[in-house]
Amino acid sequence: MAEIKVQKDVKSLNKEIAEKNRAEFKKHNIFVMNIMGSPGSGKTTLLENILPVLAKSYRTAVIEGDLATQNDAERIRKTGVEAFQINTNGGCHLNAKQIEAEYAKIDPDHTDLIIIENVGNLVCPIEWDLGEDLRVVLLSAPEGEDKPLKYPPAMLKTDAVVITKADIASFADVNIEQMKKNILSVNPKAVVLEAGKVNGVYSAESVIDYIKEKIKAKKAE
Amino acid sequence: MHETALMQNMLAIVDKVIEGQQVKKVNSITLSVGKLSNALPDALTFAFEALTADTPLKGCKLILKELPAVAVCEACGADTILNDFPFSCPKCGGKFYTIVQGEDIYIESIDCELE
Ligand SMILES: Nc1nc2c(ncn2[C@@H]2O[C@H](COP(=O)(O)OP(=O)(O)OP(=O)(O)O)[C@@H](O)[C@H]2O)c(=O)[nH]1
Ligand SMILES: [Mg+2]
Ligand SMILES: [Zn+2]
């Protein structure tokens with residue numbers, strides 16, 4: 001019998017491709033953001049609302065990940081932004097190889113910003129590096145204020161958490177302040193923002209400002 | 001839920017490692033599974049068995065060791081096993097920390113019989 005020592009991260013093959021993607025994005029001055037969150041947490045709705053503003057300052061492309069359908073890519077295209085749909089056929093997360101393949105369809109010299117909407121899931125997408133610069137996790141109020149405590153890796157392995165649907169929190173007996181406290185109790189370094197309908201009108205100012213600030217910071221590097 | 005993908009990735013690495021090493025039979029593969037790795041041991045075992053059923057690795061054992069999460073306090077540098085939240089440094093009470101272990105899954109070793 002022989003014992004071969006390995007000491008290798010199970011996801012190291014994905015990590016290698018993610019680093020290749022990251023180097024490629026940097027070379028072309030492209031900022032890449034990965035949006036994650038449970039099914040229906042409001043990822044596409046957030047994009048529909050921030051893209052018209054972001055697209056004024058940055059040449060933007062969106063990569064959509066879903067198990068099935070072109071629905072989300074079509075919703076994005078209605079905002080005038082180019083969108084590429086990945087169907088994972090049951091896969092619960094996007095991986096770096098899929099992003100590499102979609103990126104090949106994008107003209108890197110005429111792109112400043114790529115936003116990836118990951119498959120709706122609060123567990124698996126978190127674990128797969130895509131080569132992104134910024135990670136944002138959406139948490140909708142009706143999911144419940146205890147979710148940050150039940151899904152710690154999602155709170156830990158992200159830069160920011162955006163709480164959505166605060167307008168319907170009261171219908172679900174959810175306390176937004178407690179939800180924020182729970183996020184920060186797991187990850188005191190997380191940036192916590194809010195987006196969603198206020199008096200029937202969708203607002204995501206803080207998210208737009210945050211993204212712009214992060215893009216500026218990367219450019220200055 | 002992504003345990004199948006994790007095991008597919010692991011098997012690709014194992015293939016690379018044993019390639020050209022005159023391996024006759026793989027007896028077991030040992031993994032360290034981080035407490036914050038978002039992987040369920042039972043689901044890993046299930047996926048592993050399903051993926052290896054019709055391959056030369058059929059019957060190979062998957063040994064899973066739990067790896068605790070370790071946090072380093074950003075104020076004083078002390079390390080602590082991170083069991084629950086919020087984090088509070090037992091030495092200085094600091095609340096900011098960096099996780100240095102337990103977020104990932106590592107292939108520790110492959111136990112095999114050589115030709
Ligand atoms: N009341 C209210 N509804 C919202 C808000 N944001 C999103 N929604 C609704 O929530 C539902 C799901 O939103 P989507 O944007 O499709 O969610 P998603 O996260 O993209 O979903 P998947 O891509 O399928 O995972 C839609 O019916 C939205 O109109 C909000 O702030 N308030
Ligand atoms: Mg969507
Ligand atoms: Zn300390």
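Here is a friendly conversation about a predicted model, in which a trainee asks and a mentor answers.

Trainee: Let's start with the metal. Which protein residues are the donors of the magnesium ion (ligand 2)?

Mentor: Look for protein atoms lying 2.0 to 2.2 Å from the ion. In sequence, the donor residues follow the spacing T-x27-D-x44-E. The donors are Thr44(A) through OG1, Asp72(A) through OD and Glu117(A) through OE.

Trainee: How many residues apart in sequence are the parts that Thr44(A) and Glu117(A) tie together?

Mentor: Thr44(A) sits in helix H2 (residues 43–57) of chain A, while Glu117(A) belongs to strand S5 (residues 113–117) of chain A, so the pair links parts of the chain whose separation in sequence is 73 residues.
Both Thr44(A) and Glu117(A) are also buried. The number you asked for is 73.

Trainee: Now chain B. Which strands pair with S1(B), and in which sense, parallel or antiparallel?

Mentor: Strand S1 (residues 23–34) of chain B is mostly covered, with ten of its twelve residues buried. With strand S6 (residues 105–114) of chain B it pairs over nine bridges, and there Ile29(B) stands opposite Ile110(B). With strand S2 (residues 61–67) of chain B it pairs over seven bridges, and there Ser32(B) has Lys65(B) as its bridge partner. So the partners are S6(B), antiparallel, and S2(B), parallel.

Trainee: Is the β-α-β unit made by S1(B), helix H2 of chain B and S2(B) right-handed or left-handed?

Mentor: The two strands of this unit, S1(B) and S2(B), pair in the parallel sense. The helix in the unit is H2 (residues 41–52) of chain B. The unit is right-handed.

Trainee: What is the area buried between chain B and chain A?

Mentor: On the contact side, 38 residues of chain B meet 31 residues of chain A. Carbon and sulfur atoms give 64% of the buried area. That area is about 3,100 Å².

Trainee: Which residue of chain A forms a salt bridge with Glu74(B)?

Mentor: Across the interface of chain B and chain A there are two salt bridges. In the one with Glu74(B), the closest N and O atoms are 2.4 Å apart. The partner is Lys189(A).

Trainee: Is Ser140(A) buried or exposed?

Mentor: Ser140(A) is in strand S6 (residues 134–140) of chain A. Leaving aside neighbours within four places in sequence, Ser140(A) is in contact with Ser41(A), Thr164(A), Lys165(A) and Met179(A). Its relative accessibility is 4%, and the cut-off for buried is under 20%, so Ser140(A) is buried.

Trainee: What separates the C-alpha atoms of Ser140(A) and Ile163(A)?

Mentor: Along the chain, these two residues are 23 residues apart. In space, the separation of their C-alpha atoms is 5.4 Å.

Trainee: Let's turn to the backbone. Is the peptide bond from Phe85(B) to Pro86(B) cis or trans?

Mentor: Most peptide bonds are trans. Pro86(B) is found in the loop between strand S4 (79–81) and strand S5 (97–101) of chain B. Omega for the bond from Phe85(B) to Pro86(B) is near -5°, and the bond is cis.

Trainee: Is Asn89(A) buried or exposed?

Mentor: Asn89(A) lies in the loop between strand S4 (82–87) and helix H4 (96–103) of chain A. Its phi is near 50°, a positive value in a residue other than glycine. With a relative accessible area of 70%, against a cut-off of over 50%, Asn89(A) is exposed.

Notes: Residues numbered from 1 in each chain as written. Chains lettered and ligands numbered in written order. Predicted model: local features only at pLDDT ≥ 70, side-chain atom pairs only at ≥ 80, totals over all residues. Heavy atoms only, no water. Donors = N, O, S within 2.8 Å, 3.2 Å for Na, K, Ca; no water. Helix = DSSP H or I, 4+ residues; strand = E, 2+ residues; numbered from the N terminus. Buried < 20%, exposed > 50% of the residue type's maximum accessible area, 1.4 Å probe, protein only. Right-handed = clockwise from strand over helix to strand, strands pointing away. Contact = heavy atoms within 4.5 Å. Buried area = accessible area lost by both parts, 1.4 Å probe. Salt bridge = Lys/Arg side-chain N within 4 Å of Asp/Glu carboxyl O.
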